[in-house]
Amino acid sequence: MTDPASASSQPQPTVNETRIRVRYAETDQMGIVYHANHFIWFEVGRVELLRQLGFTYREMEKDDDCYIAVVDARCRYKAPVLYDDEVLVRTYLKNIRDKMVHFGYELRRAGTGELLAEGETTHIVADSQMKSRTLPEKYLKVFREAAGK
């Protein structure tokens, strides 16, 4: 995957980098991280990216009745992740529309930069009743800027 921040002629997307140390409980009998844990780490990255952008999921939900519900999640596994590895979760916005948010992720081994996995999640924008709604302008603007659009 091309580094989302490497294109020099276009606006640069905001990339959050969060470090996670693999806990024993996250591994299977072979000492390899159980595949579903990658999606948990993607969520950690999303939450931290929003904080970096100046707000939280909680504020979106509580203050603006705005939820971003996952409708698609994908992960491509490139190399095993082991107990006590330090993993760098890189999270960025791939695409933004009025009623949809698309995040991208890379999991890299801290220190070497080896690509461990890459993934993406697509979210629809909804209210507390899970009815489709438009993303409030204050978030739409920040998300578009963060996506380099």
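**Note on the predicted model**

1. Of the 149 residues in the protein chain, 45% are buried. The coordinates come from a predicted model, and the points below should be read in that light.

2. Overall dimensions. The radius of gyration of the protein chain is 16 Å, which agrees with the value near 15 Å for a compact globule of 149 residues. Taken along the principal axes, the C-alpha atoms fill a box of roughly 45 × 40 × 25 Å.

3. Secondary structure and contact order. The protein chain holds three helices and five strands, and along the sequence these follow the pattern β-α-α-β-β-β-β-α. When contacts between residues at least 6 apart in sequence are considered, 67% of them join residues at least 24 apart.

4. The sheet. All five strands belong to an open, antiparallel sheet with the order 1-3-4-5-2. Strand 1 (15-21) and strand 2 (67-77) occupy the edges; each has a single partner strand, and therefore one side of each is left without a neighbour in the sheet. From one strand to the next, the twist averages 25 degrees. In general, the strands of a sheet pair through backbone hydrogen bonds, in either a parallel or an antiparallel manner.

5. Strands 4 and 5. Strand 4 (residues 100-109) and strand 5 (residues 115-126) run antiparallel and are joined by nine bridges. One pairing to check on the model is that of V101, whose bridge partner in strand 5 is H123.

6. A buried glutamate. E106 is located in strand 4. Its relative accessible area is 0%, so E106 counts as buried, the cut-off being under 20%. What does the side chain of E106 contact? The side chain of E106 makes a polar contact with that of R108, at 2.9 Å.

7. Helix 1. This helix comprises residues 37-53, 17 residues in number, and spans 25 Å from its first C-alpha to its last, close to the 24 Å expected at 1.5 Å a residue. Its buried residues are N37, H38, W41, F42, G45, R46, L49, L50 and L53. An α-helix has 3.6 residues a turn, so residues three or four places apart point the same way. The buried set includes polar or charged names as well as hydrophobic ones, among them N37, H38 and R46 alongside W41, F42 and L49.

8. The end of helix 1. Just after this helix, G54 adopts a positive phi of about 110 degrees.

How values were computed:
Residues numbered from 1 in each chain as written. Predicted model: local features only at pLDDT ≥ 70, side-chain atom pairs only at ≥ 80, totals over all residues. Heavy atoms only, no water. Pairing = 2+ DSSP bridges. Helix = DSSP H or I, 4+ residues; strand = E, 2+ residues; numbered from the N terminus. Axes fitted to C-alpha atoms, helices over the stretch in contact; angles between N-to-C directions. Buried < 20%, exposed > 50% of the residue type's maximum accessible area, 1.4 Å probe, protein only. Polar contact = N/O pair within 3.5 Å; in protein donor to acceptor, adjacent residues only side chain to side chain. Expected span 1.5 Å × (residues − 1). Rg over C-alpha atoms; globule rule 2.2 N^0.38 Å. Contact = heavy atoms within 4.5 Å.
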